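I opened my notebook to look through a protein model piece by piece. Here is the model I had in front of me.

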Amino acid sequence: MEAHQLSFGESSAPNCVEHFDSQQRIVVHQGEALDFLKTLPSESIALVITSPPYNLGKEYERRKDVLSYLQEQEAVIDEVIRVTSPKGSICWQVGNFVEDGEVFPLDIFYYDIFKKKGLKLRNRIIWRYSHGMHMSRRFSGRYETILWFTRGDGYTFHLDPVRVPAKYPGKRHYKGPHKGEPSGNPLGKNPSDFWEVVAHDWEEEVWYIPNVKAAHPEKTIHPCQYPVELAERCVLALTNEDEWVLDPYCGAGSSLIAGIKHGRRVAGCDKEEVYINITRERIRAFFEGRLPLRPLGRQLYQPTGKVARVPIEWEQGAVPHAYGSARPEIT
Ligand SMILES: C[S@@+](CC[C@H](N)C(=O)[O-])C[C@H]1O[C@@H](n2cnc3c(N)ncnc32)[C@H](O)[C@@H]1O
């Protein structure tokens, strides 16, 4: 076995290799994103999901002026588009670049880049979280965005695996041909494009994804890690089993864990050895069943009352539903 190959011992888990090989299932590469992307075959990737460096002068980046930063990113985006399959998607997760107190929302700049290259925006997802710096000369920033682009109109999209339980599944049609029948979908409702992270969110019908901070079970030493759950939703909705998920700036490997968890092939790259080692270790821990992960779409608040109850028709087993112990495995 070569030094860079990670074997998972006795388990039936696949090896983790360093160079892209379409026959493999897990590729983890240490190096420059652009160089790595150039080694990938065209149209081979179902989903590129990543949070690129924001040019904030974090320990892994050298801060430059915003135009040079974007120019550099454009070369990476050209490669990202080349490797994405015609039915594929690109999820670009960004926040703000801030210079002398002036805020540059990076998604505004990135939108123009992707749009001029012919991609179509399908959602601009707001990921809201509750932690962060407290500002004194402007309102404290508490959200980032995910721009979800597709190459074409025939893109893969599966809503059922990412539906979330409705707050009031017991609602019924009150008139018309279906009067008296349950009006909701037994598998839950569309999770919307607003993914929030404070405790009362369940009541406000939004997704709950905690920001990855020190108290979070997934936290590593990476300064800008996103939760596995964030990537999981994109993986489940935008890809099929055995397809490739790529994160060219994989950090602590959250996108890769999300893909592996749901039977996708995954490829990740990061220039920092320390993060690549964390990624490999987290993958190993996942296969050994000791990686702490927050469960996908965990319900935080259960309202009470008649319309909060699951309709009896669903409970009787006539239809698979997403509520209670009869919840089907829909991964
Ligand atoms: C925002 S972080 C990604 C965090 C990741 N989503 C996670 O959950 O851990 C960006 C990552 O890009 C890496 N990076 C920065 N410039 C890079 C480059 N030119 N090539 C490859 N990786 C780079 C950094 O080391 C950092 O880990």
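These are my entries, from the whole chain down to one residue.

**Ground rules.** I am working with a predicted model, where local features need pLDDT of at least 70, side-chain atom pairs count only at pLDDT 80 or more, and totals for chains, interfaces and linings use all residues. Residues are numbered from 1 along each chain as its sequence is written, and side-chain values use heavy atoms, with hydrogens and water left out.

**Whole chain.** I found seven helices and 12 strands in the protein chain; helices (H or I, at least four residues) and strands (E, at least two) are DSSP runs, numbered from the N terminus. I then looked up burial: 48% of the 331 residues count as buried, where buried means under 20% relative accessible area, exposed over 50% and partly exposed in between (1.4 Å probe, protein chains only).

**Helix α6.** How far apart are the end C-alpha atoms of α6? They are 21 Å apart, which agrees with the 21 Å expected for the 15 residues of α6 (residues 273-287) at 1.5 Å a residue; the expected span is 1.5 Å times one less than the number of residues. Buried residues in α6 include Tyr275, Ile276 and Arg280. The buried residues of α6 pack against β1, β2, α4, α5 and β12. Just after α6, I noted that Gly289 has a positive phi of about 70 degrees.

**Ile125.** I found Ile125 in strand β7 (residues 120-128). Ile125 counts as buried because its relative accessibility is 7%. Leaving aside neighbours within four places in sequence, Ile125 is in contact (heavy atoms within 4.5 Å) with Glu144, Thr145, Ile146, Asp193 and Trp195.
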